[in-house]
Amino acid sequence: LRELGRAARLLGEGELRTRIAVRGSDELAEVARTFNDTAAELERHVEQLREMEADARRFVADVSHELRTPLAALTAVAEVLDEEAAELPEHAGRAARLVSQETLNLTALVNDLIEISRFDSGVAALALNEVDVAELVRATLRTRGWSDEVRTELSPTVTVRLDPRRADVILANLVGNALRHGEPPVSVRLHADAHWIALEVRDHGPGLDEAVLPHVFDRFYKASAARARSEGSGLGLAIARENARLHQGDIIVTNAPDGGAVFTLRLPRQDHDPEGGPE
């Protein structure tokens, strides 16, 4: 019985190769045989699921890469249509602008799928540099034309080793979501101590439903089932969190007591070890 209990605990912890030595032909031996058969069947099903998941990831990665070439051609055509839209008849101009916008949306989706496939395959890597975090925040806002829309409280002379491109992707996603889905004022605050930095992005809207909070970083998750389409790919927050974890940090989401959603990016200040990314 003790052996059966130990084996059941190991199986529950994911040790699917766990088996029990069967002795005799009494009721306990029959239970042991049943346990072994169940464990073997469970291991087979889990292996099948893993293979299916790996196949699905490879399919997404392969299709995304194959779509890049035709999308590049479509983007070039869409740019021409966009420039000529004002000169076209009303209906034709509206159609041209729609084609242009949808091409941009599809391109963004494909790029996000490629990026997420890199995380899934374990090939995403960091290109670390010593970065002034306040200047990084200002550059992200300035590049996207958000400087006048976002309030900042940035501690000076806070430096950290991080990947500037990936940090920019995280911040742009958090601020972009606050501007699109929240209400002003939107703010970015930087806090730091000897070991961690924290970038807090918040808005002053109604915040997120408590049922939504555990799922905001899920891929393709939509807060409203009635919303058939969204402006983005549905992967932005998932990619942002993967980038944070690649830095050995994380993103935390809460609702502020006085209203609004608060996304906090926490990153370590110490050097990354070799397993956390290249120096």
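Glutamate 135 is partly exposed, with a relative accessible area of 35%. In this predicted model, the side chain of glutamate 135 meets that of arginine 138 in a salt bridge, with 3.5 Å from N to O. Both residues belong to helix H4 (residues 133-143), and because they sit three residues apart there, about one helical turn separates them. Arginine 138 has a relative accessibility of 37%, so it too counts as partly exposed. As a general point, side chains of opposite charge can pair when their charged atoms come close.

That pair is local, so to speak, but let us look at partners from further along the chain. Glutamate 153 forms a salt bridge with arginine 189, and the closest N and O atoms are 3.3 Å apart. Here distant parts of the chain are linked: glutamate 153 is in strand E2 (residues 150-154) and arginine 189 in strand E4 (residues 186-192), 36 residues apart. Glutamate 153 counts as partly exposed at 48% relative accessibility, and arginine 189 counts as partly exposed at 29%.

Another pair brings in the N-terminal helices. Glutamate 43 and arginine 19 form a salt bridge whose closest N and O atoms are 2.8 Å apart. Glutamate 43 lies in helix H2 (residues 27-84), while arginine 19 lies in the loop between helix H1 (2-12) and H2, so the salt bridge ties together parts that are 24 residues apart in sequence. Arginine 19 is partly exposed, at 31% relative accessibility.

Charged residues can also join in groups: Glu115, Arg118, Asp163, Arg165 and Arg166 are linked in a network of salt bridges. Over the whole structure, a search finds 20 salt bridges.

Next, a residue in helix H5: aspartate 168. Is aspartate 168 buried or exposed? Its relative accessible area is 19%, and because buried means under 20%, aspartate 168 counts as buried. Leaving aside neighbours within four places in sequence, aspartate 168 is in contact with Thr140 and Arg144.

Helix H5 also leads us to the nonpolar interior. The largest nonpolar core has 38 residues, and those with the most contacts inside it are Val133, Val137, Val175, Val188, Ile251 and Phe263. Helix H5 (residues 164-181) supplies the largest share of this core, seven residues. A second, separate core has ten residues, among them Ile116, Phe119, Leu235 and Ala238.

Phenylalanine 263 is a good place to pause. Which residues does phenylalanine 263 touch, not counting those up to four places away in sequence? They are Leu174, Leu199, Glu200, Val201, Leu208, Val216, Phe217, Leu237, Ile251, Ile252 and Val253.

Now follow strand E7 (residues 261-268), which is mostly covered, with seven of its eight residues buried. Strand E7 has two partners to trace. With strand E5 (residues 196-202), E7 runs antiparallel, and seven bridges join the two. One bridge to find on screen is that of isoleucine 197, whose partner in E7 is leucine 267. Strand E6 (residues 250-255) also runs antiparallel to E7, joined to it by six bridges. For asparagine 255, the bridge partner in E7 is alanine 261. E6 and E7 form a hairpin with five residues between them, and in the turn glycine 259 has a positive phi of about 105 degrees.

Back on the surface, nonpolar side chains appear as well. Phe59, Val60, Val63 and Leu67 form a nonpolar patch there, with about 320 Å² of accessible area together. Within this group, valine 63 is placed in helix H2, and at 34% relative accessibility it counts as partly exposed.

Our last stop is asparagine 129, in strand E1 (residues 129-132). Asparagine 129 counts as partly exposed, at 41% relative accessibility. Not counting residues up to four places away in sequence, asparagine 129 touches Val160, Arg161, Leu162 and Pro164. How far apart in space are asparagine 129 and alanine 211, C-alpha to C-alpha? They are 38 Å apart in space and 82 residues apart in sequence.

Technical notes. Residues numbered from 1 in each chain as written. Predicted model: local features only at pLDDT ≥ 70, side-chain atom pairs only at ≥ 80, totals over all residues. Heavy atoms only, no water. Core = buried A, V, L, I, M, F, W, Y, C linked by side-chain atoms within 4.5 Å. Buried < 20%, exposed > 50% of the residue type's maximum accessible area, 1.4 Å probe, protein only. Helix = DSSP H or I, 4+ residues; strand = E, 2+ residues; numbered from the N terminus. Contact = heavy atoms within 4.5 Å. Pairing = 2+ DSSP bridges. Salt bridge = Lys/Arg side-chain N within 4 Å of Asp/Glu carboxyl O. Patch = residues over 30% accessible without salt bridge, like charges linked within 9 Å, V, L, I, M, F, W, Y side chains within 5 Å. Areas by Shrake-Rupley, 256 points an atom, 1.4 Å probe, with all protein chains shown as cover.
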